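Q: I would like a close look at a single part of this chain and at what surrounds it. Please go through it in one connected answer.

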Amino acid sequence: MKKVIAKGLALAVIGMGVMLGGTGVCSATPMTWSSNGHQYEVVGSGSISWDSARLATQSRGAGWDLATITSLDEQNFITTLLGLADGSLVEYYIGGMYEAGAWAWVTSEPFFFQYWGNGEPNGNASEPRMALDGRYNDNNWGWNDYTGAAAYFVAGYVAENNAAAPVPEPATMLLMGTGLAGLAGVARRRSSAKKM
Ligand SMILES: [Ca+2]
Ligand SMILES: [Ca+2]
């Protein structure tokens, strides 16, 4: 059911992309996922190595790294940015890596959720970097382990800002209100302490 919704959203995104300039892939600006406040961006760099993709992402500033996918909801959100795959060999690097005998995320988040394509990972130590692969998981970009090299089928990478996005206006007001209420509470406690 969720996948159906995700596919609907993805098709809507593709539709917008077509209207805006003919490409369904690559969000031109970072998009915020409301579930965690993180920003995500699909970068259509063309052939690039995992290391170069990661360096480029980190150079955006604090919080930025290759995307980590720790739930099906997050996977589906990223698919809405990419658009549904068409079943062909197209890859976007993300922040998974095989180190010390296990798969891990660049952020050190726990590696529980998995979304490998059929038969993957088939390299592990010999393919220690992770990519989303257009051939897998019903066009929903299943995971593939790959060497991390630049290759003709590497279309780009997905960046994620793990720092929460700037707080929107109403929430800022709310936080300020909470802060003021807190200060008022301290003032009250102080004044009552004086009385005693
Ligand atoms: Ca993530
Ligand atoms: Ca593989």
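In which loop is the place of Asn139? Please start there and continue with the strand E6 and its surroundings.

A: Asn139 sits in the loop between E6 and E7. The model is predicted, and every value below is computed from it. The phi angle of Asn139 is near 70°, a positive value in a residue other than glycine. Asn139 counts as partly exposed, because it has 17 C-beta neighbours inside 10 Å.

The two strands on either side of this loop are partners: E6 and E7 pair in the antiparallel sense, over five bridges. Within that pairing, Leu132 stands opposite Trp143 in E7. E6 is also joined to E4, again antiparallel, by four bridges. Here Arg129 of E6 has Met97 opposite.

E6 itself is mostly covered, with five of its five residues buried. Both of its faces are covered. Arg129, Ala131 and Asp133 are buried on one side, and Met130 and Leu132 are buried on the other. This fits a general point: in a regular strand the side chains alternate between the two faces of the sheet.

Arg129 deserves its own paragraph. This residue of strand E6 counts as buried because 23 other C-beta atoms lie within 10 Å, where 20 or more are needed. Leaving out residues up to four places away in sequence, Arg129 touches Trp50, Tyr93, Met97, Asp145, Tyr146, Thr147 and Gly148. Ala149 is 20 residues from Arg129 in sequence, and the C-alpha to C-alpha distance between the two is 8.9 Å.

One of the contacts of Arg129 is Trp50, and this leads to helix H2. In H2, Trp50, Ala53, Arg54 and Thr57 are buried. These four cover an arc of only 100° around the axis, so they are on the same side of H2. The elements that cover the buried residues of H2 include E3, E4, E6 and E8.

The strand E6 (129-133) also contributes to the largest nonpolar core, as one of the elements that each supply at least two residues. That core has 29 residues. Those with the most contacts inside it are Tyr92, Tyr93, Ile94, Tyr157 and Val158. Other contributors of at least two residues include helix H2 (50-58), helix H3 (72-82), strand E4 (91-99), strand E7 (142-146) and strand E8 (154-161). E8 gives the most to this core, with five residues. Ile94 touches Met130, Ala131 and Leu132, along with Leu66, Ala67, Ile69, Tyr157 and Val158, when residues up to four places away in sequence are not counted.

On the other side of E6 in sequence is the loop between strand E5 (102-105) and E6, which holds Pro121. The peptide bond from Glu120 to Pro121 is cis, with omega near -5°. Asn124 is in the loop between E5 and E6 as well. Its phi is near 55°, a positive value in a residue other than glycine. Asn124 counts as partly exposed because it has 13 C-beta neighbours inside 10 Å.

As for the setting, the protein chain has four helices and eight strands. Read along the sequence, the pattern is α-β-β-α-β-α-β-β-β-β-β-α. Of its 196 residues, 32% count as buried. Among contacts between residues at least 6 apart in sequence, 70% join residues at least 24 apart.

Note on methods. Residues are numbered from 1 along each chain as its sequence is written. Chains are lettered from A and ligands numbered from 1 in the order in which they are written. This is a predicted model: local features need pLDDT of at least 70, side-chain atom pairs count only at pLDDT 80 or more; totals for chains, interfaces and linings use all residues. A nonpolar core is a set of buried Ala, Val, Leu, Ile, Met, Phe, Trp, Tyr and Cys residues joined through C-beta atoms within 7 Å. A residue is buried if 20 or more other C-beta atoms lie within 10 Å of its own, exposed if 12 or fewer, and partly exposed in between; C-beta atoms are placed from the backbone. Two residues are in contact if their C-beta atoms, placed from the backbone, lie within 7 Å. The arc is that of the directions from the helix axis to the C-beta atoms. Two strands pair if DSSP finds at least two bridges between them.
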